[in-house]
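User: I would like to learn how to read packing, pairing and burial from a set of coordinates, one feature at a time. Could you take me through an example?

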Amino acid sequence: MTTLDKTPASSEGRKDPWSQLLQKVGKHQDREAYHALFEHFGPQIKYYAMANGMASHAEELVQEVFVSIWRRSCLYDWRKAAASTWIFTIARNQRIDMLRKMQRTSAEMPVETEDLWQIPGENENEPVTSLHRLMSERRVRESLSLLPEEQITVIAKVYMENKSHQMVANELDIPLGTVKSRVRLALNKLKVILQDQNV
Amino acid sequence: MTRHHPDSVSLMEYAAGNLSEPHALCIKLHLDKCPLCRSRVDTLNSLGAVMMEQQPKVSMSNDMFDSILSKIDDETAITDEPEIAPAPRVNPLQKLLGENLASLPWKRQLGDVSVLDITDRFPGQKEQVVLQKLAAGGKAPAHTHRGEETTIVLQGAFADQKGVFNQWDFVVLTDKDEHKPVAVGCEDCITLSVLSAPVKLTGTFTRMLNPFIR
């Protein structure tokens, strides 16, 4: 895609400092870049583990995620996902993996976590990078600040505490329908803004 | 081209990593064939990244980074190639069931309906997971659903009063949905369904293993 280089998304992607650092790790095994990523994302992943009930394994999860980042960084493609999105999916998958391993006494897992939850950019047969994809992380960040607190609270519980919508409803003592409608309102807002700015 | 998609709430639960393996499998099979939902999941993955970024900062152990470095050094020392190649793309359904759905040990139920319970392929899950086959041109008797049933069409198509569900279409039915599916087209219609475990206070779990006719 030669036209890609002329789009603002392309320069935007290159300007994202974390994606640049991650590329350096992938291409040159750059340990300084790796350390900078650790300083930024390590505490986020530790908090994530603590929030979702894995407090006693929080640093173990951070380690697993960072070893995985090192090993996979050569596969990272900034055109497919921002570094933060890519790292989030790795943290999510490592968490699922750890839980699966803790729950099974037999190591019998016919389907691997990554068969079910893909890391963006790996094993994809989509050669064309969608603009939508390049912009999505930045757009989400911008539009999230416009959402009312009650919607953000629900989304945070779903993503950080890994609670189902039903569990969130029970905890906040509101009907399931209300939780779902808050999520839908929030997602509509995110999507509408995405559409507005992409068309 | 699929017409019936998972709703945004389910896609969010998927992106957050909150779904059980069988539910995630249904979503993943749909995503593999649906660019629209893939782009929704991209956005939802970014939402996860932004949520993670906005949480309070916590401190790390001092020696944490060093121990990560020594771990990767150990790995590099063992393998000559520190870089990993992308694993070959696998269809998780094929991994579970093999290539040929027709040759599975189907159990004939009433009339045109056959089923295969594959719950045991997902150890430790609470849900029941079943494959259902409606013979080409066949009809299933009218029925409702207990609890919630998530279904993806793996082959062929079926129709009911809500419309036609083609290959890779996604549908969620509840106890409020009574339907009378008919296999349309010249192929057997095969679906994968995940049944939420109903809350049972007493007694044993005696449930007909046939979501087409319950």
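User: How are α3(A) and α4(A) oriented relative to each other?

Analyst: A word of care before the answer: this is a predicted model. The general idea is to take the angle between the two helix directions and to ask which class it falls in, where 65 to 115 degrees counts as roughly perpendicular, over 145 as roughly antiparallel, and the oblique class takes what remains outside these and the roughly parallel range. Helix α3 (residues 31-51) of chain A packs against helix α4 (residues 58-72) of chain A at an angle of about 140°, and their axes are 9 Å apart. α3(A) and α4(A) are therefore oblique to each other, and their crossing is right-handed.

User: Which residues of α3(A) and α4(A) meet?

Analyst: On the α3(A) side they include A:Y34, A:L37, A:F38 and A:I45, and on the α4(A) side they include A:L61, A:V62, A:V65 and A:F66. By class, this contact of α3(A) with α4(A) has 13 nonpolar, one polar and two charged residues.

User: At what angle do the axes of α4(A) and α5(A) cross?

Analyst: The same reading applies: these axes cross at roughly 125° and come within 9 Å, which makes α4(A) oblique to α5(A). The crossing of α4(A) and α5(A) is right-handed. Among the residues that make the contact are A:L61, A:V65 and A:I69 of α4(A), together with A:I87, A:I90 and A:A91 of α5(A). The residues of this contact of α4(A) with α5(A) divide into seven nonpolar, two polar and two charged.

User: How many residues of chain A are in contact with chain B?

Analyst: For an interface, one counts the residues on each side, then asks which elements supply them and what chemical classes they belong to. Here 61 residues of chain A are in contact with 47 residues of chain B. The elements that give two or more residues to the chain A side include α3, α4, α5 (83-103) and α10 (176-198) of chain A, and of these α3(A) gives the most, with 10 residues. By class, the side of chain A that touches chain B has 31 nonpolar, 15 polar and 15 charged residues.

User: How many helices and strands does chain B have?

Analyst: Chain B has five helices and nine strands, and from the N terminus on its elements run α-α-α-α-α-β-β-β-β-β-β-β-β-β. Of the contacts in chain B between residues at least 6 apart in sequence, 71% join residues at least 24 apart. Buried residues make up 36% of the 214 residues in chain B.

User: In what order do the strands of the open sheet in chain B stand, and why do some of them lack a neighbour on one side?

Analyst: A sheet is read by the order of its strands in space rather than along the chain. The open sheet of six strands in chain B has the order β1-β2-β3-β9-β4-β7, with antiparallel pairing. β1 (107-108) and β7 (170-173) of chain B stand at the edges, each with a single partner strand, so one side of each is left without a neighbour in the sheet. Helix α2 (residues 21-31) of chain B packs on this sheet, where it touches β3, β4 (149-155), β7 and β9 (189-195) of chain B, and its direction makes about 40° with that of β4(B).

User: Over how many bridges do β2 and β3 of chain B pair?

Analyst: Strand β2 (residues 113-117) and strand β3 (residues 128-134) of chain B pair in the antiparallel sense over five bridges, and B:S114 stands opposite B:K133 in β3(B).

User: What stands opposite B:A159 in β8(B), and what is its bridge partner in β6(B)?

Analyst: A strand residue can be read against a partner strand on either side. B:A159 stands opposite B:V182 in β8(B), while in β6(B) its bridge partner is B:V164. Strand β5 (residues 157-160) and strand β8 (residues 182-184) of chain B run antiparallel and are joined by three bridges. Three bridges also join β5(B) to strand β6 (residues 163-165) of chain B, again antiparallel, and a hairpin links β5(B) to β6(B) through two residues.

User: Why does B:I27 count as buried?

Analyst: Burial is read by counting neighbouring C-beta atoms, with 20 or more inside 10 Å as the cut-off for a buried residue. B:I27, found in helix α2 of chain B, has 24 such neighbours and therefore counts as buried. Leaving aside neighbours within four places in sequence, B:I27 is in contact with B:P6, B:S10, B:Y14 and B:L19.

Terms used: Residues numbered from 1 in each chain as written. Chains lettered and ligands numbered in written order. Predicted model: local features only at pLDDT ≥ 70, side-chain atom pairs only at ≥ 80, totals over all residues. Helix = DSSP H or I, 4+ residues; strand = E, 2+ residues; numbered from the N terminus. Buried ≥ 20, exposed ≤ 12 C-beta atoms within 10 Å, placed from the backbone. Contact = placed C-beta atoms within 7 Å. Axes fitted to C-alpha atoms, helices over the stretch in contact; angles between N-to-C directions. Parallel < 35°, antiparallel > 145°, perpendicular 65-115°, else oblique. Left-handed = near helix turned anticlockwise from the far one by under 90°. Nonpolar A, V, L, I, M, F, W, Y, C, P; charged D, E, K, R; others polar. Pairing = 2+ DSSP bridges.
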